[in-house]
Amino acid sequence: MADESLAVELTGITKTFPGVIANEDVELRVGTGTIHAIVGENGAGKSTLMKILYGMQSPDSGSIRVRGKEVDFKTPKDAIDEGIGMVHQHFMLADNLTVLENIVLGSEPTKGVQLDFAAGRQKIEEIGAAYGMELDPDALVESLTVGARQRTEIMKVLFRGASILILDEPTAVLVPQEVDELFANLKGMVDEGHTIIFISHHLDEVLAIADSITVMRGGRTVATVDPEGIDAKQLAELMVGSELPTPETTESTVTDVVELSVRGVEALSPDGRTVLDDVTFDIRQGEIVGIAGVEGNGQAELIDALMGIRDVSSGSIRFKDDDIADWSTKDRREAGIGIIPADRHREGLLLQSPLWENAMLGHQTVKPFANGPWVNRKGARDRTSTVIERFDVKTPGPDVNAIALSGGNQQKLIVGKEMIAEPHVLIAAHPTRGIDVGAQAAIWDELRAARKEGLAVLLISADLEELIGLSDRLLVIYSGRIVADLDPKTVTPEELGSYMTGVGAEASA
Ligand SMILES: Nc1ncnc2c1ncn2[C@@H]1O[C@H](COP(=O)(O)OP(=O)(O)OP(=O)(O)O)[C@@H](O)[C@H]1O
Ligand SMILES: [Mg+2]
């Protein structure tokens with residue numbers, strides 16, 4: 001019997017890819033006007049299930065009901081026509097267009113053949129006011145903070161009239177303040193009768209906001225639970241199917257040897273604004289220096305300056321005994337500076353290439369990937385298999401294309417290929433973004449073990465728990481300046497938050 005109080009009802013959904021059962025006999029019931037969370041390990045099948053509901057992928061078998069009515073979506077357009085919208089795990093906005101253009105294009109509120117931007121602008125304002133979502137329609141997407149990009153994606157979906165919203169890891173890229181804003185927006189939508197389905201690896205926030213939680217494991221739905229009756233640890237254990245290991249805590253391994261020394265670094269944006277202002281810090285062998293900050297406060301520029309992608313206008317960068325300011329990115333990498341980039345799709349991966357080619361990126365000139373001027377394919381495949389094994393990348397093997405990996409498994413590959421190269425300095429931007437709690441603990445252990453062997457790490461992260469838990473020292477970046485140098489053992493998330501938003505800086509100035 002069709003149940004019309006349900007917004008979505010998925011029954012017996014099965015979906016296979018070559019060598020992988022992504023969904024197996026999945027059952028999911030989502031009540032109208034509720035927030036329903038889906039959790040599970042990397043590769044458990046969450047995104048696949050949501051792409052099926054959104055008409056992006058067709059199931060091998062099973063049925064889909066929307067508001068009690070059986071549907072058979074061939075394309076996302078069919079799903080949009082039924083009032084379903086999806087914001088993907090990786091943003092899909094055009095950077096060189098404005099917010100307004102991104103939202104209006106592809107949803108065609110047409111007046112004759114011309115797109116009606118005036119009507120579009122008004123509708124964006126109305127939607128924004130209804131749910132308390134702030135957006136500047138004329139801002140270029142490339143200039144937006146991650147939080148604003150996300151609001152643009154959500155706005156795009158609401159603009160097309162969605163009343164059932166699917167959000168695939170909407171909070172993975174947000175700092176805590178932005179998460180609070182997003183959740184306030186979502187509550188506003190639910191109050192208006194919308195239904196939200198969202199995927200997240202942050203179990204605390206899932207417990208705080210969801211009305212109901214479905215757990216997936218190995219392609220199956222193993223339980224649907226009420227957040228009132230469960231805690232984060234129990235939820236994680238349902239995901240994994242066994243007890244979670246407790247991460248190792250290790251003593252400080254900081255030495256006196258400075259590996260990387262940054263002195264008075266200043267950098268300008270193309271339009272002449274100061275984006276890095278007198279940035280100074282050292283990282284020693286065996287030390288993890290954490291950088292906290294709301295995205296867009298100079299983190300990207302700092303990484304680019306350290307990697308030789310951006311020129312500095314003054315100041316010095318020393319690696320061991322060398323001033324590396326004039327070194328190419330290739331020279332820096334070959335000398336032993338590793339990088340886990342912030343945006344795995346733009347900077348970290350060639351999605352349409354096999355994993356073994358991806359594992360070579362940044363290391364293609366050295367063993368085991370190079371054999372003189374030639375590519376050593378066997379060496380590359382073997383190395384990739386080792387990464388897959390050690391970092392638990394869920395995939396049939398090194399010849400699979402990167403696009404076929406789940407988001408978290410793509411991230412594990414990037415972290416693994418950089419760490420296995422045994423750099424002396426590792427610049428790690430959001431190393432566990434999108435990674436499930438179990439795999440996150442494993443990567444933290446890897447970082448601690450490498451630190452013990454002398455690795456110097458610059459850790460940039462939006463995850464305050466990660467920053468506090470891993471760092472030996474914690475710097476806060478705000479408006480291109482280092483505004484605080486804190487002891488992670490004593491700092492509280494609230495204190496960090498106030499420095500990150502510039503409040504702490506004013507108070508102490
Ligand atoms: N297009 C594809 N081709 C081949 N395999 C795929 C494809 N899409 C997904 N898979 C596989 O299906 C499985 C489920 O992937 P899915 O992306 O649904 O996982 P997920 O639960 O969203 O994980 P994550 O938390 O890492 O995002 C994975 O093993 C993945 O490698
Ligand atoms: Mg996913």
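These are my notebook entries on the domains, the ligand site and a few helix and strand contacts of this structure.

**Entry 1: getting my bearings.** I reminded myself at the start that this is a predicted model. I then looked up how the protein chain is divided, and found domain 1 (6-240), domain 2 (245-336 + 423-509) and domain 3 (344-422). Domain 2 is written as two stretches, 245-336 and 423-509, so I keep both in my notes whenever I mark it.

**Entry 2: domain 1 and domain 3.** I checked the C-alpha centres of these two domains and noted that they lie 30 Å apart. Their contact takes nine residues from domain 1 and eight residues from domain 3. On the side of domain 1 that touches domain 3, I listed six polar residues, two nonpolar and one charged.

**Entry 3: around ligand 1.** Which residues are closest to ligand 1? I found Asn42, Ser47, Thr48, Ser406 and Gly408, out of 20 residues that surround the ligand. By class, the shell has twelve polar, six nonpolar and two charged residues. I also looked at where the shell comes from: domain 1 and domain 3 each give at least three residues. Among the elements, strand 2 (20-31), helix 1 (46-53) and helix 14 (407-420) each supply at least two.

**Entry 4: the sheet.** I followed four strands that form an open sheet in the order 2-1-4-5, with antiparallel pairing. Why do strand 2 and strand 5 (69-71) each have one side without a neighbour in the sheet? They stand at the edges, and each has a single partner strand, so one side is left free of a neighbour there. Neighbouring strands of this sheet are turned by 25° against each other on average, direction ignored.

I then took one pair by itself. Strand 1 (residues 6-17) and strand 4 (residues 61-66) pair in the antiparallel sense over five bridges. Here I saw Leu10 standing opposite Ile64 of strand 4.

Helix 1, which I had met at the ligand shell, lies across strand 1, strand 2 and strand 4. I noted that it runs at about 120° to strand 1.

**Entry 5: helix 13 and helix 14.** Helix 14 also came up at the ligand, and I wanted to see how it meets helix 13 (residues 377-390). The two axes come within 9 Å and cross at roughly 115°, and the crossing is right-handed. From helix 13, I wrote down Thr386, Val387 and Arg390 as making the contact. Helix 14 brings Leu413, Gly416, Lys417 and Ile420. By class, this contact has three nonpolar, two polar and two charged residues.

Notes
Residues numbered from 1 in each chain as written. Chains lettered and ligands numbered in written order. Predicted model: local features only at pLDDT ≥ 70, side-chain atom pairs only at ≥ 80, totals over all residues. Near = placed C-beta within 6 Å. Nonpolar A, V, L, I, M, F, W, Y, C, P; charged D, E, K, R; others polar. Domains from an automatic or database assignment. Contact = placed C-beta atoms within 7 Å. Axes fitted to C-alpha atoms, helices over the stretch in contact; angles between N-to-C directions. Left-handed = near helix turned anticlockwise from the far one by under 90°. Pairing = 2+ DSSP bridges.
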